[in-house]
Amino acid sequence: MRRPLVNGKLTLPRAEARPRRVRHLRAHLPLYLMVLPALASVLVFNYAPLFGLVIAFQDFSPFRGVLGSDFVGWQNFQDAFRNPFFVNALKNSLIISGLKLAVGFPAAIVLALLLNEVRARWIKVTVQTATILPFFISWVVAGAMFRSLLAPDGAVNELRAGLGLTPHAFLSDPSAFRLVLVLQDTWKYAGYFAVLYLAAMAAIDRATYEAAEIDGASRWQQMRYVTLPGISNTMVTLLVILIGYLVSAGFEQVYVMYNVSVYSTADILETFTLRLGLQQSNYGLATAVGLFQGAISLLLVGAANLIARRVRGQGLF
């Protein structure tokens, strides 16, 4: 009997396909059993805690628990949007994250392009190692380093004094604190992202560079017309991911660096949520803010991916 074609492919009747699946399952049963622990850990530690999001819609009390707390609907979200500290934290999160993206994203690309042009291998390895090392330093250690460097009697102010400038309290100045966060974030992550771009550059066919040289292209033209288009997919992928963090300004970094004097420009959604949850025991409101933050991040990633697909015909998913 002739078998039906679906989208040009030969299909099997259900009665024939089912035994084939059973045979496949039996043949690969040990592999499926090996996957089960990892699958179970993802379900337990990644998806099961999502049940706790119901607290965002409750007047939650630890003594009554999730099942015993009163359901209040959208009241926690309305309270959050009316809270002036929430509005200030949202504004600070967007500004700090936007500045980090505007400075850090191109900085990593420029660093990778410069490293790719270095022909002395020992210089390239030395610079690459020095720039990626900050990525492995915890924010606690990085915060202590920058606090020491930027202290009123720190190295930076001593250098300013040597140049005839007056000392400046960078960590207590609300207008300078955001700049400190942006430069610190760029220092920590530029080397890491540069390695990703260098890996993408290594995949570019060398024959393309040879053809460009034969056509008389200079190093700058090779960088512009060969290297940058060759890493464009990596750039778009990382940009879509980073846009999803626009409402997440980096809790660990801000928490170890900020103080009361810079709350007006450094208080972000994560630190606002921490104060609500752990210091004021307002768990419902804190969960509502966290859920709002996650939903906005999801929408940003979806919108950025949609724009990338329409502009380039290729997105992250």
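## Aromatic contacts in a predicted model

At a relative accessibility of 26%, Phe-135 counts as partly exposed, in a structure that is a predicted model. Tyr-189, with a relative accessibility of 25%, likewise counts as partly exposed. Trp-74, by contrast, is exposed, because its relative accessible area of 56% is over the 50% cut-off.

The structure holds 18 aromatic pairs. In one of them, the ring planes of Phe-57 and Trp-74 stand at 85 degrees with the centres 5.3 Å apart, so the pair is edge-to-face. This pair links distant parts of the chain, for Phe-57 is in the loop between helix 2 (29–47) and strand 3 (58–59), while Trp-74, 17 residues apart from Phe-57, is in the loop between strand 4 (70–71) and helix 4 (75–82).

Phe-135 and Tyr-189 also form an aromatic pair that is edge-to-face, with 6.0 Å from centre to centre and 65 degrees between the planes. Because Phe-135 lies in the loop between helix 6 (121–132) and helix 7 (139–149), whereas Tyr-189 lies in helix 9 (residues 174–202), the pair ties together parts that are 54 residues apart in sequence. Both residues belong to one aromatic cluster, which is formed by Phe-135, Phe-136, Trp-139, Tyr-189, Tyr-192 and Phe-193.

Charged side chains lying over ring faces are listed below.

| Charged residue | Ring | Distance from the ring centre |
|---|---|---|
| Lys-188 | Tyr-189 | 5.9 Å |
| Arg-275 | Tyr-263 | 5.3 Å |

Tyr-189 thus appears in three settings: in the edge-to-face pair with Phe-135, in the aromatic cluster, and beneath Lys-188, which lies over the face of its ring.

Note on methods. Residues numbered from 1 in each chain as written. Predicted model: local features only at pLDDT ≥ 70, side-chain atom pairs only at ≥ 80, totals over all residues. Heavy atoms only, no water. Phe/Tyr/Trp six-rings, centres within 6.5 Å; stacked < 30°, edge-to-face > 60°. Helix = DSSP H or I, 4+ residues; strand = E, 2+ residues; numbered from the N terminus. Buried < 20%, exposed > 50% of the residue type's maximum accessible area, 1.4 Å probe, protein only. Lys NZ or Arg CZ within 6 Å of the ring centre and 35° of its normal.
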